[in-house]
Amino acid sequence: MNRGLAGILTGRVTKWLVVVAWLVVMAGSAGFAAKLADVQNNEASSWLPESAESTRALERLEPFQDPNAIPTVVVYERGAGLTQSDLAAIEDQAAEFATMDGVAAPTEGRAPPVVSPATAEQLGFPALSQDGRVAQTSITFDLGAEGWNEMPGIADELRATAAIDGVEVYVAGVGGIDTTLLAATLGVVILILLLTYRSPVLWILPILSAVVALFVSQALIYFLARDAGLTVNGQSYAILTILVIGAGTDYALLLVARYREELRRHADRHEAMAFALHRAAPALLASAATVALGMLCLLFAEMNSTAGLGPVAAIGITVTFVVMVTLLPALLVITGRWIFWPRRPGFGSAEPTQTGVWARVGRWIAPRPRQVWVVTSVLLAIACLGLLRLDTNGLSTAHSYTEEFQSVTGQQVLVDAGLVDQSNTVMVVAQAGTDVAVTEALTGLEGVEPPKPAVTAGDVTFVEAAIDADPASPTAFATVERVRGAVHDLDGADALVGGSSAFFLDTRDAANRDNLVIIPVILLLVLLILMILLRSVLAPVILIVTVVLSFGAALGISAMLFEYVFGFAGSDPGFPLFAFVFLVALGIDYNIFLMTRVREETRHSGTRTGALVALTSTGGVITSAGLVLAATFLVLGTIPVVFLAQLGVAVALGVILDTMIVRSVLVTAINMDLGGRIWWPSRLDTEDRVPVPEDATVSVGHAS
């Protein structure tokens, strides 16, 4: 951003026009932002690519099974054994369940809803375990495309109807997540900003700007999801909130810190903001571009859920950048210096960072930079060894949540009682006339219950059989592979295998492919952006190596925490890619903030002195930004899903490593050791300057 444009945005009149314009945009966006949840698509087809076998099977299943059908199982358990009175009540309840709104009844030409093995004639008739302790009743609901949003309320209704004195009742197949993510994120960020700014009012402006960015982003994404086919699901919806609030607050911290510096050099606050924007905007633009383009690399993913996250996150970051370089500067100039109360930066006052903790760290590194970066690199490499303990083969349903849900508990009760959860089936679609061959191929296969009678419609035959295993377990995956092997060998059948376990298996395979393809693409993209920004080859290569080293260390330490502290059974196959995207795209931000300041100072005082000035002047704000981003991602732990909890922990840990060690110690030591050579092949710093002495005192920033 050139100085003229920066001055226009923060002029005495235009500052009010900027604020009014954003207020109008905000007012128009709020209503549509609230509707974003209504256009979420959490169906299987929104996660897997069209090429996946389970997706192709789902398309051919349309004549037989409503895609909006939601199989639900009510599980009854009495430790001493269910009495005759209990069983009579359960049978009466099964008939009552069949009359509930939204229950799907069998229709001509379509396979009946999943029912218990006791009888296929009466909808939901209960099945009893051999020891008489557990019974189950199955119901299938059809509530339309957005039916999953209504299921938590229906689950409560089922529990109330199924209540029997002395009997434990579980509703399997239904779950929910916490909806307080935004409130928790804002609460954490406000607390950190209060501690960072030590002002009771300054935090309001960054938070207000971040909320505006979030609502405008959500409104834009709503229209794209409604009218342009953009896929938005619960996962991308949650990550968007975290990303916009976290990144927006980071940008605000950097801008406010630079504005505070300029207020000490300029008597007029409008002029101070013009200089602050002029100098901070390139780093903010490079950071936002890196994150946005890195997220767009996800479009190369096979997983639709991963590919859909790319545009969602890129839109969020782009809008956040625009808000933070227009609305926030205008608000800061309008409010004046008093907004920093009680520590107002007066004109001509001393810059406190010159004697802060990061100045002392820089003076400690200066006499021994090579020893510092070598030892630091070795320690990070040792931390990478924890990757050997990272298990990304997937999680069973029972191990996918950090809390105990009715659905998970109910499934486990059925397994312990020797009853098959009838909601987990393999669904085979094949050419008409091959129903006998398909049924025979399924009969007797390990892990597969006797198949139900085949149903034929047109030129397609449908055969369904229950799997005696958790839908997302390795046992179920092995069963699906056996089924596929058996039916694919049938001549003329053209058979496809779908169902819950097939979906999870295809998800694992697609995620493993995406890990191998997307990670190198993002690394190459970030490298090119750094080369353009820094006008160097060597510096970007070194920065990429440090970020990858930081990523490996973060995942290595996280893997140890997951196994030995949190007791997680493993990780989702997509976890490494998501962790990499956020750690590299966001972690490189702090190196961008640091290195653009080093480059700026190098023109006046050389690379070694510039590295010390950059560390001294940006250390506090970058550390605060890292703490904000780490805290916002940790908020993902409030959602009781292991994948999101692991992602939050890994990103938070990686960001802390980046801000506290990689950026402040490793990169600074390399800058001081290499000096002007860091800019090769550029001749930015061609003077043969001596290292900065240990007791050196430098001026933060050059004269305006």
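Modeller: A helix here is a DSSP run of at least four residues, numbered from the N terminus. By that reading, Asp92 belongs to helix H4. Keep in mind that we are looking at a predicted model.

Colleague: Good, let's stay with Asp92. Is Asp92 buried or exposed?

Modeller: A residue counts as exposed when its relative accessible area is over 50%. Asp92 has 55%, so it is exposed.

Colleague: Which residues gather with Asp92 in the patch of negative charge?

Modeller: On the surface, Asp92 is joined by Glu91, Glu96, Asp101 and Glu157. Helix H4, residues 84–97, contributes the most to this patch, with 3 residues.

Colleague: And which residues make the nonpolar surface patch?

Modeller: First, the general idea: an α-helix has 3.6 residues a turn, so residues three or four places apart point the same way. Now the case here: Val374, Val375, Val378, Leu379, Ile382, Leu385 and Leu388 make a nonpolar patch of about 680 Å². Val374 sits in helix H13, which covers residues 369–384.

Colleague: How should I class Val374, with its relative accessible area of 36%?

Modeller: Exposed needs over 50% and buried needs under 20%. Val374, at 36%, is therefore partly exposed.

Colleague: Where does helix H21 bend?

Modeller: A bend is read as the angle between axes fitted to the seven residues ending at a position and the seven starting there. In H21, residues 642–674, that angle is about 45° at Val662. H21 is also mostly covered, with 28 of its 33 residues buried.

Colleague: What comes just after H21?

Modeller: Gly675, which takes a positive phi of about 60°.

Technical notes:
Residues numbered from 1 in each chain as written. Predicted model: local features only at pLDDT ≥ 70, side-chain atom pairs only at ≥ 80, totals over all residues. Heavy atoms only, no water. Patch = residues over 30% accessible without salt bridge, like charges linked within 9 Å, V, L, I, M, F, W, Y side chains within 5 Å. Areas by Shrake-Rupley, 256 points an atom, 1.4 Å probe, with all protein chains shown as cover. Salt bridge = Lys/Arg side-chain N within 4 Å of Asp/Glu carboxyl O. Helix = DSSP H or I, 4+ residues; strand = E, 2+ residues; numbered from the N terminus. Buried < 20%, exposed > 50% of the residue type's maximum accessible area, 1.4 Å probe, protein only. Lys, Arg positive; Asp, Glu negative; His and termini not counted. Charge placed at Lys NZ, Arg CZ, Asp CG, Glu CD.
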